[in-house]
Structures are given as C-alpha cells and as structure tokens.
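Let's take a walk through a protein fold, starting with one corner of it and then stepping back for the whole view. Keep the picture open while you read.

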Amino acid sequence: MKYYDRNTGLLIEDSTALLVNGTATDESLRNTLSRCILSASGWRAIMTLSGDEEDSREDVSEDMLLIAAAAAVSFSDYLALEHPRIILGCDARPTGRLLSAAVRRAFIAEGAVIDDIFISSAPEIMAASHRYDGFFYISASHNPIGHNGYKFGTKGGVLCKEEIEKVIPRLKEIICREGAAADLRKLIAEADQEKLEDVLRRHNTAKRCALETYRAFVMRTAKASEPFSLPFGIAIDFNGSARSASIDKQFLRSHDAAIWAINAEPGQIAHAIVPEGENLEHVRKTLEERHRENEAFILGYMPDNDGDRGNFVYTDKRGKAHILSAQTVFALVALIELSYDAMKGRKKIAIAVNGPTSLLLDDIAEKTGATVFRSDIGEANVVTLSEKLREEGWTCRVCGEGSNGGNITYPAKVRDPMNSLTTFAKLWSVEGLYQFVMGRLGKKADQAPSLCSVITALPKYITTSAFSSDAVMHIQSSDYNKLKAEYEDILQYEGNGRMPKQFSRWEVRQYEGSEEEIGIGTAHRRPDSTGGLKVQFYDKEGRAAGYLWLSKSRTEPVIRTMVDIRGNDKKLHDELLQWQHEMVRRADERTVNS
C-alpha cells in the first residue's frame, strides 16, 4: 500500500515494494563504507547511484541501503534499550525517501518503536526528540544534492565526538563481518509488515505533534518576557528545503510578519544548497523587488536543505538589498542577545563559539561585558562547551559557529533561523533594547528600531568565507597530525619575519573537542590531532587583531584555511591568506616526502 504525507502530497513509502535486489556483496559493502565520511558532524557520502554529487535522481544502490540499515542498528545498539522509542525524519533530498525506508525497516526489525515524520527540518526533529529515547535524521545538511547521510542523538542534540566514537566501531563491525550483505538484506526484507504499516499509518499524527512541539520550543527558546512582534516583511527562498514543510510561514505570520516565499515546495531545489555567496542572490533580488512594492519588506533568508542554517539578506535605507555574511549574521545575534542579558543585569555573561568565529565576537563581548570561550569546529563541541559554562555558573544562552552562520540559543542544541528571527524581534519588542544596543556600539539610535542601523554600526572585520574557493585546499597528505607539525615548524622559522608590521606578536591556539589550548606542539593537542589550529595576531596595545586558521573538514576530504582581520584592509587579508596557503602547501609537500 502507498502512504503519502498529508501536508505535501509526497509519497512516503510503498509498503509492498521490494527495497533490496541482491546486488551487494560483502566486498562491495566494505568498499562503499570506505567512501563514507564518519564524524560527529554527520555520516555522509554521495548517495546517488550514479556517483555524481549533482545528480538529483532518487536512485540509491543496494550497498547504500544496507549501510543505512547498519547505521540504524549501530545507533539502536548504542541506546542499549530493549524497545527504544525513536523519532525518524529526513530532509528534502531526493535520495531521502529510499534511505528512510531502509532505516525504518531496520529499526522495526531491531524492535524499536518508531514515529516517522518524513520531511522535517533538523531543529524540528531535535525539538520533538525530547519526548523520545533518540532521533535518527537522514540529511547531508549543506552538501550538494547528490549527497546524503545520518545525524543521530538524544535529548535534542547530536551525539558529541566522544559518544559518536562509540557508535562508529559498531557500524564498521556490522559491515565488515562475514555475511554482512546477506544479513542486512534479510533485516530489511523481513521487517514485520504489520508494524511497518502501523508506523506509516501514524505518520500524519506524528508529524502534527512534532510541529506543535517545535512551535512551542521556539517560543520557549525566544526567552523574551514581553510578547514579541516581527512588524515587517520577510522574503524567504526555501530552495525546496525541509523548512518548506515546517512551521516557518505560519509561525512568522502569527507574529505579525508579512511573508513572500519562493521555491516553497519540498524538493523544489532550484540552485546550490549551501546558503552562502551567490546562492543568496535569489532571495536578495526577491527582497529588493518586494521592497519596491512594499517598504515593509526589509529582511530575507535562505536555509540549507535540513533547515538548521539560515543566512540573511537585508535592505539598506535606500532600498538596496545586501547579503549578510555568515559571520555577520552570528555577530548580529550575539550583539542583541548579549546586550539583552547585560540590560537585564545578568552576571558572568558568556558566549561559546568555535575557533574560526571572527574576532568581531571578542569586540562585541568587550562592549557588552561578556566573555568569549572557544571550542573546535563542530556543533556538538560548542554545545558541550556552553553546557560546561552553565554548570560553572555562567549565563551562556547563545553559542554557535560564526564561520557557518546561525545561532544556537539555549535550550536548543542546534542552529535555527527561527531563533535568529526571534532575536531580531527583540529590537522591536523589548523596550529600550535597540537604544541600549546602539549605545554599546557608540552610535546614535534612530527614532524607530532599525536593523540596518545596527548592521552598519558593527565594528569592521574582513573574514574569509568558510565556503569560498579561497578557503578550500586539496592536499596530498592523509596524515593531518604530521602536516600540523610541519606547518608549525615552518611558522616558527618565518613567523616573526613575515608577520605584517601592523601586529606586534603571534601565538598558536589549538582546538580539540570543547577545549582550547595555547602553545605549539603535540603537548597541546590530542594524539589523533583532529582539531583546528589558529595563529592569532596581536596589535601593539595587546588586543587580538587577526588570525590564520587551519582545519581538516569532517564532512569533506579537504583542508580549510581562513583569515580574519580587524578593519577593512582587503590587501592585508589577501596577503595573509596567500602566506597561509604557502605554509600549508609546503607542509603538505614535507609530509608526503618525509
């Protein structure tokens, strides 16, 4: 029998369809797993049958379906419950439907009790997961359309690095044992038919409950004691994402916003997924057009496919629309929320961010009386750090990765554009906050709250976009630890000589999990050395004024490099980035040839 999602009309599953066809072998299964990236940020791979990351067809190989089933088994084993209650969902990628079917059947065969909400945003399923023993989410976040993968966790957040490293060995054990292909094929094929039909029948009820829970959770996260309002127009480019099947339109309209949406059907993926750079041009142009018709339209956003990241565009006072960088979006949220805490008289205010978040955050923290703490890249790392800070008595309501944009506002454990929007609403809804914010920036407030004025008043920094071609380096070496050591050796030899005259000294900061250490060498990092490395520069007054960044991507086979500097000297930024690239290339050559 075929089951459909009531809200979108999309097919969820034909319960009588045969998923597996007997083409996978133990060897092909192991080879396929070797192409998967397994990390705390998500397990990901190109899932399309063609192997083309831009392929928008839904076809998936049997190997990938069997690995999906193995992932479900490994998570179920991690939970170590006889009948764990698990909420299952996926983003709007074409391959999600078949992968969901494999996971759904594997969980049923393992004895789990499943609620399936099909296409759902990451914040939605994570908010709803508080009522379950765990969640399993099929998504590749911002990766190209042909990719897919898995995120899972408990209590509203993905498993941290230490916990996910307990699950990965179990997955490998399942895949690498003799007869794995036949065992997994049998697991999928022999899932109890009556239980499968029951899960699919209950889908629409489960989805409605998830949306209601999520809507209430967003209100709880907003944490404004006053009723809040979004008294302006918002343009949205859903780009066919899971957010188009979530609460956005109804929620925003219920708080006074006017909405104009494009690419608003789930799966209507009209352009590249990552909400950066030229991909935001679609919503920027839409906002500008709407503003000409109605000056109330001053803001727009585009989410990635799973809907946790959402970067923004805004109109200036002349009606021209501009793209906000990911770093600026995060800084803007941080400024408003830290100012809100300061205005309310809260003590020991902190914010937890990742290593490559711009030093603009430090500048903002100084102006609002807050303290910045840093972790390695990875959403789970900043969430873990913020939890530690709260346990130590800090007021830490906001954390996140400025390098990726979007904020995580307590008690949420995932980024969410709805949280960003409710933060922006405070400028209109909390009496005196807009004037307080502008005062902390040393600027005169307009008569009425103006998001544009706040953005214009932010201290100036130039930061390499984490998703620009300049930030990505393909290297030959697979030994990241050795590459780091060679990089440090080169840096020590030429650091003082090539450091720009604007700076007085430099130091190395290293990141592992939720920890930051200052110092060069293996003594300041874990043996596997998977974390990021920052070379931080200081001006003559002893203030941090810039950095070089180096890290290995957890979800793609690349090295990421970045530069961040105070001011607007683009030439200095480019010179530092060139120097960084030279050091990485030389370190790579040394590593390969040693």
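**A helix across a sheet**

Keep in mind that this is a predicted model. Start with helix α14, residues 417-429: this helix lies across three strands, β10 (233-237), β12 and β13. Its direction runs at about 160° to that of β12.

Now look at what sits under that contact. The three strands belong to an open sheet of 5 strands, and if you go through the sheet in order you meet β11, β10, β12, β13 and β14. The pairing in this sheet is mixed. At the edges you'll find β11 (258-262) and β14 (321-323), each of which pairs on one side only. The sheet isn't flat, either: on average, neighbouring strands are turned by 25° against each other, ignoring direction.

Let's zoom in on one pair of neighbours. Strand β12 covers residues 297-303 and strand β13 covers residues 310-315; the two pair in the antiparallel sense, over 5 bridges. Want a spot to click on? Try Leu-299, whose bridge partner in β13 is Tyr-314.

Time to step back. The protein chain has 18 helices and 25 strands, and its C-alpha atoms fill a box of roughly 70 × 65 × 45 Å along the principal axes. How does the radius of gyration fit with a compact globule? For 594 residues, such a globule would have a value near 25 Å, and the protein chain has 24 Å, so the two agree.

What share of the residues is buried? It's 62% of the 594. And of the contacts between residues at least 6 apart in sequence, 72% join residues at least 24 apart. As for the outside, the protein chain exposes about 22500 Å², with carbon and sulfur atoms supplying 48% of that.

Conventions. Residues numbered from 1 in each chain as written. Predicted model: local features only at pLDDT ≥ 70, side-chain atom pairs only at ≥ 80, totals over all residues. Heavy atoms only, no water. Pairing = 2+ DSSP bridges. Helix = DSSP H or I, 4+ residues; strand = E, 2+ residues; numbered from the N terminus. Axes fitted to C-alpha atoms, helices over the stretch in contact; angles between N-to-C directions. Contact = heavy atoms within 4.5 Å. Rg over C-alpha atoms; globule rule 2.2 N^0.38 Å. Buried < 20%, exposed > 50% of the residue type's maximum accessible area, 1.4 Å probe, protein only. Areas by Shrake-Rupley, 256 points an atom, 1.4 Å probe, with all protein chains shown as cover.
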